[in-house]
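Reader: I would like a close look at the aromatic side chains in this model and at the helices and strands that carry them. Please take me through one part with care, and then set it in the context of the chain.

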Amino acid sequence: MPKVSNKKKAETVYQLFQRARGTWRSKWEAQAQKCFDFYHNDQLSAEETRALEESGMPTFTINRITPVIEMMKYFTTSKTPRWQAVAAEGSDTDVAAVHSDIAEYCWHLSNGDSLYAHIIQDALIKGIGYFQIDVNPDADRGMGEVEYKRIEPNDVYVDPMARDFLFRDASYIIIKKDLPKTQLINLFPEFKRKINQSSSHESTSGGFFASQRDVMQSDSIQPEDIGQEAYNPETSENDEVIDYYECYSKERYPLYNVFIKIPAGASNIKEMREQADEQIKAKEDEMKVALKEKALELQELTAQGEIIYERAEIEIKNARKQMETELEQFKTSLINEIQEAASEIEQQIMTEEEFNIISNDPLMKAAIVEAVKFYDTRVKLSVSLGSSTLLYETIMPITEYPIIPIPYMWTGTPYPMSAVLPLIGKQQEINKSHQLMIHNANLASNLRWIYEEGSVPEAEWEAYSSAPGALLKYRSGFQPPTPVQPLPINNAFFTTVQQGKTDMEYISGIYSSMQGDTGTQHDTYRGLLAQDEHGTRRIKAWMQTIVEPALEHLGKVFQQVAQNTYKAHKVFRIVQPSGIQEDRQVEINLPIYNDLGKAIEKFNDYSSARFDVRVVAGSTLPVNRWALLEEYFRWYQSGLIDDIAMLGETDVRNKEQILKRKSVYSQLKSQVDSLEQALKDSRGENETLKRQVVQSEIRDSASKVEGQMDAELNQSKAQQKLLRQRMMDKEQQQQK
């Protein structure tokens with residue numbers, strides 16, 4: 001296959017970008033910009049503003065879109081999303097539990113709550129928001145950290161043929177930005193020469209669809225207003241802006257599952273042999289002593305006559321043979337351990353290019369035990385400048401794009417609709433009705449006059465005709481000026497305004513009662529809770545069908561990136577925001593060593609664990625605090641929960657100190673501790689009494705035995721005395 005030049009690759013990326021920014025993309029950008037303007041209270045175009053001013057009509061607007069979007073954003077981002085990992089094998093259960101903690105750590109490290117809120121806002125206003133999973137290689141002193149990022153929707157160009165709402169079937173996804181050369185050099189210092197030689201393509205200037213509002217009269221300042229004014233901080237002159245492209249594409253690559261025999265170093269083998277010789281010598285000495293003890297035991301049995309001499313010889317011979325066999329087995333096992341440690345087999349996944357490199361090396365080829373070829377999808381990243389400069393290409397170790405979209409109203413194309421778009425018509429209707437009513441009121445309070453030319457001093461009438469108590473004169477011989485009264489305004493305008501407000505609430509699913517409007521709230525407390533529950537079902541439907549599947553896909557992409565990043569021993573510190581539980585530490589890839597000091601495996605081996613990631617449903621939705629506290633209080637009164645669970649849901653300060661002082665469990669624990677101490681004391685006293693009783697029984701038994709022995713001794717002495725007397729008497733009789 002011929003090698004493609006870097007310039008040709010950069011041109012290919014630029015051509016894909018041109019295809020992605022076609023007619024339908026421009027139409028979507030125009031709609032997104034219009035929705036963006038309406039959200040920021042820029043609801044009149046420059047032509048409309050000019051026409052209203054020329055006709056003397058007011059140009060104000062009654063913005064009802066911004067509160068609706070803010071409430072929808074609140075309902076969607078009230079809480080932090082949570083992911084749950086399910087182990088594929090029983091051995092990975094502990095690591096799967098650790099994954100949730102790692103995801104939470106990286107989320108807070110990236111200020112994820114703020115990013116999530118901005119991405120949901122992009123989805124509601126522009127129709128789509130984008131997450132990006134990236135790795136900061138310089139974080140944690142060069143060990144790297146996985147980070148969540150947000151991408152501006154206008155910077156993302158997706159394959160127009162994509163039909164999956166998560167863009168998993170897209171042929172490519174391009175991120176296009178306009179960056180100054182100085183910033184590019186700071187981002188990629190290793191490509192400084194290429195950046196300085198690159199130039200921008202003239203057709204890529206800009207980056208946002210032009211807004212139709214009056215820029216100078218607008219309340220907001222948008223990126224397109226500032227333009228591309230970049231300055232070089234070193235020279236204080238204008239810096240050239242370059243169009244920068246990141247092109248992500250999916251390709252099927254041949255990979256190899258390679259098993260490599262990794263030999264240990266000579267010094268390690270020498271140390272292992274020395275340790276083995278010491279263990280063998282110690283084992284041999286122990287067996288020799290055991291053999292001598294066996295021989296001595298047999299000699300004693302022979303001397304006592306329990307066994308014959310020939311049996312003793314056979315037993316000694318068998319013991320010596322068994323000792324030699326055990327010693328030989330011990331030596332063999334140690335040699336096997338040394339060989340296993342010296343030839344450890346490691347499994348690695350390699351690309352075809354990497355496998356060809358090690359296959360061409362005779363030494364490396366001899367170390368390959370087995371190699372299995374297979375094909376897998378990988379994401380390729382091509383970074384280029386302009387239409388002719390390629391910075392670099394890399395194959396990412398992931399199977400899904402690290403760009404995760406969250407659309408609002410999916411249309412089956414990469415151009416979804418926003419929540420603002422259906423509200424624009426009603427917003428214009430309300431604005432127009434208010435403008436007409438105010439204009440009619442202005443006409444009624446500032447009368448117009450019909451007069452004959454020359455009948456009145458015009459300057460005086462223009463200055464004082466509407467002043468209270470003014471005396472106006474007209475010239476005699478002319479008809480007096482006649483006031484022109486405006487026609488009474490139709491009541492349909494008031495009805496239109498009220499109906500328009502109701503329609504906007506119905507379309508968006510956000511009602512006035514959700515924003516604290518007491519005039520539209522339900523009379524009863526439970527009725528208000530029911531209205532709150534029913535009113536959020538529109539948002540819950542979007543959460544269940546779009547947001548939560550997107551968050552689950554985000555968690556799976558994070559899993560792939562994290563497992564390829566966190567391969568070394570690392571300790572994460574997870575902070576508990578509630579304050580009731582203590583902060584905890586999570587440790588992964590902890591090396592485990594054998595008796596020879598060799599790392600043989602890892603505890604919590606995160607990079608090789610297999611598990612599935614799922615998002616916890618409804619974890620980001622808000623909860624009615626007052627209703628929840630009331631329910632918890634009822635459960636506490638009925639005995640279903642304890643005071644710890646009740647206090648944990650409140651906003652009371654210093655909850656942990658209160659738990660220590662007031663908790664029922666704490667009181668019971670103190671009582672149990674005191675009872676245990678009393679029981680311990682009583683057990684000690686019982687043991688003392690038992691010892692005293694035993695000692696007294698021993699003394700009593702000893703005294704009885706001593707008395708019995710004294711009696712026997714006295715009896716023996718008496719018998720001996722009587723026997724001696726008899727012997728003396730017998731001897732005297734014989735002498736006589």
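Author: What follows begins with the chain as a whole and then turns to the aromatic pairs, the elements that hold them, and a few other places.

The model is predicted, and its secondary structure comes to 22 helices and 19 strands. Of the 736 residues of the chain, 35% count as buried, and the chain exposes about 45100 Å², of which carbon and sulfur atoms supply 52%. Among the contacts with a separation of 6 or more, 71% are between residues 24 or more positions apart.

A search of the whole structure finds 21 aromatic pairs. One of them is formed by Phe17 and Tyr157, an edge-to-face pair with 4.8 Å from centre to centre and 75 degrees between the planes. This pair links distant parts of the chain, with Phe17 in helix H1 (residues 6-20) and Tyr157 in strand S4 (residues 156-158), 140 residues apart. Phe17 is buried, at a relative accessible area of 1%, and Tyr157 also counts as buried, at 4% relative accessibility.

A second pair is made by Trp107 and Phe131, whose ring centres are 6.1 Å apart and whose planes stand at 45 degrees, so the pair is tilted. It too links distant parts of the chain, for Trp107 belongs to helix H5 (residues 93-109) and Phe131 to strand S2 (residues 128-136), 24 residues apart. Trp107 is buried, with a relative accessible area of 1%, while Phe131 has a relative accessibility of 0% and counts as buried. Both rings are part of one aromatic cluster, which is formed by Trp83, Trp107, Tyr116, Phe131, Tyr148 and Phe558.

The helix that carries Trp107 can be taken next. H5 has 17 residues and reaches 25 Å from its first C-alpha to its last, close to the 24 Å expected at 1.5 Å a residue. Its buried residues are Val95, Ala96, Val98, His99, Asp101, Ile102, Ala103, Tyr105, Cys106 and Trp107, a list that holds charged and polar side chains such as Asp101 as well as Trp107 of the tilted pair. As a general matter, an α-helix has 3.6 residues a turn, so residues three or four places apart point the same way. After H5 comes Asn111, whose phi is positive, near 55 degrees.

The strand that carries Phe131 has partners of its own. S2 and strand S12 pair in the antiparallel sense over five bridges, and in this pairing Phe131 stands opposite Ile404 of S12, whereas Tyr130 stands opposite Pro405 of S12. Strand S12 (residues 403-407) has five of its five residues buried, so it is largely enclosed by the rest of the structure. Both of its faces are covered, with Ile403, Pro405 and Pro407 buried on one side and Ile404 and Ile406 buried on the other. S2 is also joined by seven bridges to strand S3 (residues 145-151), and these two strands run antiparallel; here the bridge partner of Asn136 is Glu145 in S3. Phe131 therefore belongs to a strand that pairs with S12 and with S3, and its own side chain counts as buried at 0% relative accessibility.Two other rings have a lysine over them. Lys126 lies over the face of Phe36, at 4.8 Å from the ring centre, and Lys283 lies over the face of Phe330, at 5.7 Å from the ring centre.

Elsewhere in the chain, strand S10 (residues 368-385) and strand S11 (residues 389-396) run antiparallel and are joined by seven bridges, with Ser382 standing opposite Glu393 in S11. The hairpin of S10 and S11 has three residues between the strands, and in it Gly386 takes a positive phi near 60 degrees.

A last place is Val68, which is found in helix H4 (residues 65-77) and is buried, with a relative accessible area of 6%. Leaving aside residues up to four places away in sequence, Val68 touches Leu423, Ser508 and Ile510. Val68 and Leu423 are 355 residues apart in sequence, yet their C-alpha atoms are 9.8 Å apart in space.

Technical notes. Residues are numbered from 1 along each chain as its sequence is written. This is a predicted model: local features need pLDDT of at least 70, side-chain atom pairs count only at pLDDT 80 or more; totals for chains, interfaces and linings use all residues. Side-chain values use heavy atoms; hydrogens and water are left out. Rings of Phe, Tyr and Trp (its six-membered ring) pair if their centres lie within 6.5 Å; planes under 30 degrees apart count as stacked, over 60 as edge-to-face and the rest as tilted. Helices (H or I, at least four residues) and strands (E, at least two) are DSSP runs, numbered from the N terminus. Buried means under 20% relative accessible area, exposed over 50%, partly exposed in between (1.4 Å probe, protein chains only). A charge sits over a ring if NZ of Lys or CZ of Arg is within 6 Å of the ring centre and within 35 degrees of the ring normal. The expected span of a helix is 1.5 Å times one less than its number of residues. Two strands pair if DSSP finds at least two bridges between them. Contact means heavy atoms within 4.5 Å. Accessible areas come from the Shrake-Rupley method with a 1.4 Å probe; for residues, only the protein chains shown count as cover.
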